[in-house]
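Hello,

Here is the structure we talked about. Please look it over, then read on for what turned up in it.

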Amino acid sequence: MTTPGTAPSRDRGVTGPKGFRAAGVAAGIKESGALDLALVVNEGPGQAAAGVFTTNQVKAAPVLWSQQVLRERRLKAVVLNSGGANACTGPEGFQDTHATAEKVAEVLHVGAIEIAVCSTGLIGERLPMASLTAGVEVAAKELDSSDEAGLHAATAVMTTDTRPKQSWARHPDGWSVGGFVKGAGMLAPNMATMLSVITTDAVVDGDALDAALRATTAKTYDRLDVDGGTSTNDTVLVLASGASGVAPSPEDFAGVLTAVAADLVKQLQGDAEGVTKEISITVNGALSEADAVTVAKTVAEDNLVKTALFGSDPNWGRVAMAVGRAQATVDQHKLGIAINGVTLFADGHQAADRAEADLSGRDVEIVIDLNLGDGEATVLTTDLSHGYVEENSAYSS
C-alpha cells in the first residue's frame, strides 16, 4: 500500500530522482542501428547500491561481475547493452565485461569496482567490444538529467520489447523513486527475467537498500511468470544518491519502492511476447504463503491452462488439474475456482456452467480458494498464443 500522493506515473524514470544522469545511444551492437547501450550515473552525494540476480545456475558474465562489485554495497554507475547477452562465453566473456567496466570507469574517472554491467540478447556469442567501448564514450558525452535521457536509457535495453517501460513516484516529503525495466520473454521467477535499474534520491544506506530490494523483489518481480524460463542474465539494481537529503522510514521507503516495482512488472506483463491475455492468478486459503505461491506459479506455467485462456475458454478443469499437481497441500473437496468473478468449481464439483464466465476481454482473473489456512499470493502471467510461438521459434534466426 502506497502513501497518498505516491501513485506511480510513467512519464519519468531513472532520471526522475535527483542526483542521476543517463543516456541511451546506438553503439552498433544491434545490426538494426537501434539504441543499444545505456548508461546510468549516480552523481551522489551518496552511492549506496544493492542488487538481486538470477537464480539460474548458468550465469552470464555481467551477472558474475556485478555480484562481485556489489559486495561493497556501492555503485557510481551502471552500463547496460542489448543485442547480446554475453552468457556462456567463457573466460573471454568475463574479460569483455571487465573491459566494459574499465572503460566506463575511465570516462567517469572512478574505479571499475564502482561499475555494474548488464547485458541482454542472444546467449552464446561474444560482444563487439570495439563498438561497445566506443559507445561508452558517446554515452558519457550525452549524459543528462532530463526525462528524455531517462527514456533513451530505457529504450536502449529493449530486445523483443515493443516499447520502453519506466515508472516514477514521489513521496510528499520530497524524495522519489524511479526506474526502468526490459523484458518480454524468458520471463519467470526467480526473478522475472529482465534487466531493471531503479534509482532513488532518498538517504538510505547499502544494507537497508539491500533488505528493501529483496523484500520488494519477492512481492513484485518474482510474481510474474510468462513462460517458466529463468534467464541467465536477470538483474535488478537499485542506486541511492541521497540528493534529497531526506532519510525516510523503512516502511515509507519500502512502500514507494514496491509501488514503482509493481508498476514496472505490470508493464512487463502487458508487453510480454505474443500476449493477448493479461492473467492474474490469486490463491487464497493456503496452509502458507509459500504454498499459495507454489500453486499460483504451477497454474501460471501450465501450457494447457495458457492455451485455453488464449482461446477465451474458461476451462476450469485444466486449472483444477494444475492445482492438483502443485507441490503443495491441496484438498479437492475444499477447492474452489472462480474465473472473472464466476465460481465454476466448489467443494469438489462443478458450481456453474463455464459459459457463464466471460473471457472475451484482455484481462482474466482466476481466484483459487484452497480453504485450508491463511496463506495467499497473486502471480501474474499471460496466455500462450500463436504470436509467442512464432516469435520464439525464430529468435536466433
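Lys266 is partly exposed, with a relative accessible area of 35%. In this predicted model, Lys266 forms a salt bridge with Glu278, and the closest N and O atoms are 3.4 Å apart. Glu278 is buried, at a relative accessible area of 13%. The pair links distant parts of the chain: Lys266 sits in helix α6 (residues 250–270) and Glu278 in strand β10, 12 residues apart.

Other salt bridges are worth a look too. The count comes to 19 salt bridges. One of them joins Arg21 to Glu43, with the closest N and O atoms 2.6 Å apart. Arg21 lies in strand β1 (residues 20–25), and Glu43 lies in the loop between β2 (37–42) and β3 (48–53), so this pair ties together parts that are 22 residues apart in sequence. Arg21 counts as partly exposed, at 31% relative accessibility. Glu43 is partly exposed as well, with a relative accessible area of 36%.

Next, Arg223 and Glu289. Their closest N and O atoms are 2.9 Å apart, and they form a salt bridge. Arg223 is in the loop between α5 (206–219) and β9 (235–240), while Glu289 is in helix α7, so the pair ties together parts that are 66 residues apart in sequence. Arg223 is buried, with a relative accessible area of 11%. Glu289 counts as partly exposed, at 34% relative accessibility. The cut-off here is simple: buried means under 20% relative accessible area.

There is also a network. Arg73, Asp207, Asp210 and Arg214 are joined into one by salt bridges that share partners.

Now the sheets. Strands of a sheet pair through backbone hydrogen bonds, either parallel or antiparallel.

One open sheet has six strands, in the order β13-β12-β11-β14-β10-β15, with mixed pairing. Which strands stand at its edges? They are β13 (349–350) and β15 (375–382); each has a single partner strand, so one side of each is left without a neighbour in the sheet. Inside this sheet, β10 (residues 278–286) and β14 (residues 363–369) pair in the parallel sense over seven bridges. Thr282 has Val367 in β14 as its bridge partner. Helix α7 (residues 289–301) packs on the sheet and touches β10, β14 and β15. Its direction makes about 20° with that of β15. Helix α9 (residues 316–325) lies across β11 (336–339), β12 (342–346), β13 and β14. The angle between α9 and β11 is about 135°.

Two of the salt-bridge residues above belong to this region. Glu278 is in β10, and Glu289 is in α7.

Another open sheet has five strands, in the order β3-β9-β8-β7-β6, and its pairing is mixed. β3 and β6 (165–170) stand at the edges, each with a single partner strand, so one side of each is left without a neighbour in the sheet. The twist averages 10° from one strand to the next. β6 and β7 (residues 176–182) run antiparallel, joined by six bridges. Gln166 stands opposite Phe180 in β7.

Which helices lie across strands of this sheet? α5 lies across β3 and β9, running at about 30° to β3. α6 lies across β6, β7 and β8 (195–200), running at about 155° to β6. Lys266 is in α6, the helix that lies across those strands.

Last, the whole protein. Its secondary structure comes to 10 helices and 15 strands. The radius of gyration is 21 Å, close to the 21 Å that the globule rule gives for 397 residues, so the protein is as compact as a globular protein of that length. Along its principal axes, the C-alpha trace spans about 70 × 50 × 35 Å.

How much of the protein is buried? Buried residues make up 57% of the 397 residues. The protein exposes about 15200 Å², and carbon and sulfur atoms supply 49% of that. Among contacts with a separation of 6 or more, 80% are between residues 24 or more positions apart.

Best regards

Methods
Residues are numbered from 1 along each chain as its sequence is written. This is a predicted model: local features need pLDDT of at least 70, side-chain atom pairs count only at pLDDT 80 or more; totals for chains, interfaces and linings use all residues. Side-chain values use heavy atoms; hydrogens and water are left out. Two strands pair if DSSP finds at least two bridges between them. Helices (H or I, at least four residues) and strands (E, at least two) are DSSP runs, numbered from the N terminus. Contact means heavy atoms within 4.5 Å. Axes are lines fitted to C-alpha atoms, for helices over the stretch in contact, and angles run from 0 to 180 degrees between N-to-C directions. The radius of gyration is taken over C-alpha atoms; the globule rule is 2.2 Å times the number of residues to the power 0.38. Buried means under 20% relative accessible area, exposed over 50%, partly exposed in between (1.4 Å probe, protein chains only). Accessible areas come from the Shrake-Rupley method with a 1.4 Å probe; for residues, only the protein chains shown count as cover. A salt bridge is a side-chain nitrogen of Lys or Arg within 4 Å of a carboxyl oxygen of Asp or Glu.
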